[in-house]
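Let us walk through this structure, beginning at the ligand and then turning to the space enclosed by the protein.

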Amino acid sequence: MKVAIIGTGFVGVTSCVVYASFGNQVIGLDVDQSKVESLNKGKVPFYEPKLTELLKTGLNEGNLKFTTTYEEAISEADVVIVAVGTPSASDGAIDLSYIANSVAQAAPFLKEGAVLAIKSTVLPGTLAQVKKIVGNLTDKKIHYASLPEFLKEGTAVDDTLYPDRIVIGTENKTAFAILEELHRPFQAPILSVKPESAQLTKYASNNYLALRIVYANVLAEICEKTDADIDEVIEAMGYEKRIGKHYWYPGLGYGGSCFPKDVKALAHFCHDKKIVDNLFSFMTQFNTNRPIQVLKRLEKVMGSFAKKKIAVLGLSFKPNTDDQRESPALAVIPALLEAGAQVSAFDPMVKKIADAKIANHSHYKQEMEIEGAVKDADLIIILIEWPQIIGFDFAKVKANKPQFFFDTRGQFSLKKIQDAGYLYLRVGRQF
Ligand code: UDX
């Protein structure tokens with residue numbers, strides 16, 4: 001099948017290489033010339049495991065290419081998939097301008113009978129808007145569908161190759177038949193639902209997962225102020241089959257390109273539709289406040305941060321990605337600098353922190369080796385559970401002075417870190 005994919009972010013590039021790997025003829029389209037040139041040379045402009053290998057295979061086999069030209073990408077495509085960003089507007093609403101713009105540009109080139117599928121995360125009602133835009137720009141018969149994406153950064157390729165399910169939101173039989181054929185090789189359950197259900201499923205899934213994390217962190221706060229231990233609580237609750245132990249480990253809150261934006265968007269949508277939105281608003285409020293609340297308590301325990309050397313380990317929003325969007329570092333480091341600390345940071349993949357104000361701050365230094373960052377630190381904060389950080393031997397860099405070790409991911413053995421001589425504190429345990 002001939003497939004065009006508009007937008008070459010995480011979702012777009014991953015979709016391109018995966019559809020191509022199943023023998024489809026795929027063209028990826030992006031307005032960013034340098035991105036397109038780099039992709040055509042086999043270079044992925046961001047870090048994502050396994051993506052480069054599949055990209056190279058697709059290019060070498062001749063069934064994958066990238067272009068900046070709508071006509072080239074769209075005019076022969078049986079299926080056009082829109083995977084452009086839907087960022088947050090300042091009031092939390094989603095900004096649909098990339099979607100509106102890309103479908104309007106694609107419309108004149110769509111061939112008769114093409115399927116136009118929206119993979120970008122959009123709220124119920126958006127497909128109807130897309131239909132209207134495109135319908136005003138072409139007389140051809142186009143079949144519309146919503147095709148939400150559920151991949152995670154860091155495991156994007158495997159999530160896309162082996163999805164838990166494919167959700168096709170359309171009331172158009174032709175659109176469903178063509179998309180079902182395209183997705184048959186994935187060997188996953190294919191669900192046929194209304195477009196609005198598909199759109200809401202994506203938000204509902206992300207908000208539910210974010211809610212589990214908020215819930216874990218609310219419990220973690222209770223534990224931090226009592227003698228309960230969050231790991232024991234989650235373990236004990238998790239034996240209940242209705243609950244499970246997966247996907248609610250505590251920390252400083254959820255980050256990344258999806259959860260913060262999607263929770264805000266659903267809150268805004270509910271508010272707009274006069275549906276009670278307190279739950280989603282609370283989630284954002286709690287998640288935003290969590291790092292600051294934790295730091296305040298930490299400062300009470302160890303004394304003022306002013307003039308202390310503090311090592312911050314992990315700058316991406318999670319391991320196996322160089323994406324810093326809404327990473328805990330971007331909340332924690334400014335608060336530490338504001339309090340007068342000297343911050344030395346390390347990340348195995350992020351070579352420069354995204355926030356220029358932090359990067360240029362005279363009390364901020366980014367080290368290329370973990371040893372440099374933690375040397376003589378009064379406090380070491382583990383923000384991200386990179387294997388390189390978890391596996392590091394902190395005993396060999398212990399200085400001859402009291403040093404606090406704050407584990408926000410609950411990954412270290414209390415005994416090991418205490419035996420090395422650190423004062424060990426951990427989220428979800430009293431401190
Ligand atoms: C998420 C969804 O999982 C995915 O289905 C959707 O398509 C896009 O958004 P992603 O943002 O890549 O994926 O990362 P994910 O691994 O889900 O983590 C999101 C955030 O939650 C990270 O900040 C992570 O550290 C945090 N998290 C995750 C926790 O704090 N605890 C957990 O138990 C899981």
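A polar contact is a pair of N or O atoms within 3.5 Å; within protein, one must be able to donate a hydrogen and the other to accept it, and residues adjacent in sequence count only if both atoms are side-chain atoms. The model is predicted, so that local features need pLDDT of at least 70 and side-chain atom pairs count only at pLDDT 80 or more, while totals for chains, interfaces and linings use all residues. Residues are numbered from 1 along each chain as its sequence is written, and side-chain values use heavy atoms, with hydrogens and water left out.

An oxygen atom of the ligand lies 3.2 Å from a polar backbone atom of Trp248, and one lies 2.8 Å from a polar backbone atom of Tyr249, whereas for Lys202 the partner of a ligand oxygen is an N or O atom of the side chain, at 2.8 Å. The protein covers 94% of the 660 Å² of accessible area that the ligand has on its own (Shrake-Rupley method, 1.4 Å probe).

Around the ligand there are 18 residues, of which Leu151, Glu153, Tyr247, Tyr249 and Gly255 come nearest (a residue is near if one of its heavy atoms lies within 4 Å). Helix α9, residues 195-224, gives the most to this shell, with three residues (helices are DSSP runs of H or I, at least four residues, numbered from the N terminus).

Technical notes. Helix = DSSP H or I, 4+ residues; strand = E, 2+ residues; numbered from the N terminus.
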